[in-house]
Amino acid sequence: MKWDKYTIKTTTSAEDVISAVLSELGIEGVEIENNVPLTEAEASGMFIDFPLQLPPDDGMSRVSFYLDAGEDHTEILSRVHDELKELRSYLDIGSGEIIQSQTEDMDWMNNWKQYFTSFTVGNILIKPTWEELKQEDRDRILIEIDPGISFGTGKHETTQLCIRQLQKYIRRTDCVAAAHDGEAAESSPDSMQCSENGGCRVLDVGSGSGILAIAALKLGASWVTGIDIDENCISSAYENLEVNRLDRTQAEFYVGNLIMDQTVIKREGNCAYDIVTANILADVIIEMAPHLMLCLKKDGILITSGIIDFKESETAEALKAAGFTIIETNRQGEWVNITARK
C-alpha cells in the first residue's frame, strides 16, 4: 500500500508540541528524526551491539506523518499550515516547511511496537498487550494497553505526570482494595474521599487510548467518563477496558468537545465529578478552564498536563481566573502538570 509522506522541518524544542498538534488534528501517528544523543538508559534498552554514531546535534528535527496516497489532502494540510502559523507566534519552529514524498510500507502503522515495552509509574506496571508478564511484576497494579491507532501508550512524560497525580488523589482504602488485592495506599490530607454514592467519579477529557481512565479504575474510582474528539480513540478505549478485565458498567467513552459542543458542555457541566483529568495542549486547557470548573464537585481536583514549560504561567493564570486554586505543580522534562482544587 502506498502512502503520502509529509515531513515538517522544525526544531527539537518544537517537535513534541507539533506531534501533539498533529494528534489533535486526528493524524494517526508521527515519526521524529533528530540528532539528539541517546541517554545511557535509552541506549541500554535498545539491545544494539555498537553505539549509534549520529552527526552533531544541530537542534533541528524532522516530524513526519503519513496519509493515504491518491486522496485529496488539501483540507488537512491547510489545517496543519494554520496550526504551524499559530505555533510560530510563540515558539521557534524553524522553517516549518512541509516536504512531500511517497513511500510503500505494508506495516508502517505497526512498526513502532518494537519501541513500546513495559515500564512502571510508581506501583503501576504499564504493559503492551503483546508482551508477557514477568514473574517479578505480578504484585504490581497491572494496566495492559494496545494503543492501536489512538494516542497514548502512557510512556510520554505528560501521561506519567497524570498517573502519579491519580495515585496521590485516589486514596479511599476500600476502593483501592476492590480494584487491586495489594496493600492500599497511605492516606493523605489532600486525598480525595469517595463520594457518598459509592466512590470517586472521574472525567477524562482527551481520553485517547483510555489509559488514564483505566488507571483511575485500577486505583479505585467507581466510575469514569472519557471524552475525545477522535472516534478512533473511543473504540480503542473500550478495547483496552476489556483487555484489563474492567466492566463497561464502570465507564463510558464518547466523542465530544467540551469547548464547542453545547450538548457536551451541558451534560458534563453538572458538578458531578470528584476528579477531572485533562492531558491535552495548554492552549486547549486555557480555553476549556471555565467548563472544567463546572464539571467538578466542590473541593474537586483538576489534574492537567500536556503543558509545555513556557506555557505554565499562562495556563496557571487561566485556571485561577476560572476560580481554581493551584495546589501543586510538577515537572518532567519540559512538560508540566498543574493540579488545582475547585
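Helices (H or I, at least four residues) and strands (E, at least two) are DSSP runs, numbered from the N terminus. With that in hand, let's find a first landmark: Asp137 sits in the loop between S6 and S7. What you're looking at is a predicted model, in which local features need pLDDT of at least 70 and side-chain atom pairs count only at pLDDT 80 or more, while totals for chains, interfaces and linings use all residues. Residues are numbered from 1 along each chain as its sequence is written, and side-chain values use heavy atoms, with hydrogens and water left out.

Is Asp137 buried or exposed? Buried means under 20% relative accessible area, exposed over 50%, and partly exposed in between (1.4 Å probe, protein chains only). Asp137 has 13% relative accessibility, so it counts as buried. Its C-alpha lies 9.6 Å from that of Thr120, although 17 residues separate Asp137 and Thr120 in sequence.

Thr120 takes us to a sheet. Two strands pair if DSSP finds at least two bridges between them. Three strands make an open sheet here, in the order S5-S6-S7, with mixed pairing. S5 and S7 are the edge strands, each pairing on one side only. From one strand to the next, the twist averages 30 degrees. (Axes are lines fitted to C-alpha atoms, for helices over the stretch in contact, and angles run from 0 to 180 degrees between N-to-C directions.) Three bridges join S5 and S6 in the antiparallel sense, and Thr120 stands opposite Leu125 in S6. Helix H5 lies across S5 and S6, running at about 45 degrees to S5.

There's another sheet to explore, with seven strands. It is open too, its order is S10-S9-S8-S11-S12-S14-S13, and the pairing is mixed. At its edges are S10 and S13 (325-332), each pairing on one side only. Here the twist averages 15 degrees from one strand to the next. H5 turns up again: it packs on this sheet, touching S11, S12, S13 and S14, and its direction makes about 135 degrees with that of S13. Contact, by the way, means heavy atoms within 4.5 Å.

Take a look at S12 in this sheet. Ten of its 13 residues are buried, so S12 is largely enclosed by the rest of the structure. S11 and S12 run parallel and are joined by six bridges; one bridge pairs Ile275 with Ile301 in S12. Six bridges also join S12 to S14 (residues 335-341), but these two run antiparallel. There, Ile307 has Val336 in S14 as its bridge partner.

Strand S1 (residues 2-11) tells a similar story about burial: eight of its ten residues are buried, so S1 is largely enclosed by the rest of the structure. S1 pairs with S3 (residues 60-68) in the antiparallel sense over nine bridges, and Thr10 stands opposite Ser61 in S3.

Now for helix H10 (residues 282-295). How far should its 14 residues span? The expected span of a helix is 1.5 Å times one less than its number of residues. That gives 20 Å for H10, and its end C-alpha atoms are 18 Å apart, which agrees. H10 has a kink of about 60 degrees at Ala289, shortly before the proline Pro290. (The bend at a residue is the angle between axes fitted to the seven residues ending there and the seven starting there.) Buried residues in H10 include Ile285, Met288 and Leu292. The buried residues of this helix pack against S8 (201-205), H9 (262-268), S11 (273-279), S12 and H11 (312-321).

Zoom in on Met288, in H10. At 4% relative accessibility, Met288 counts as buried. Not counting residues up to four places away in sequence, Met288 touches Val205, Leu258, Ile259 and Ile280. Its C-alpha is 9.2 Å from that of Leu319, with the two 31 residues apart along the chain.

Finally, the cores. In soluble globular proteins, nonpolar side chains tend to be buried together. A nonpolar core is a set of buried Ala, Val, Leu, Ile, Met, Phe, Trp, Tyr and Cys residues joined through side-chain atoms within 4.5 Å. The largest one has 34 residues, and those with the most contacts inside it are Ile126, Leu166, Ile170 and Ile275. Among the elements that supply at least two residues each are S6 (124-128), H5 (157-169) and S12 (296-308). H7 gives the most to this core, with eight residues. A second, separate core has 29 residues, including Val205, Tyr273, Leu296 and Phe324.
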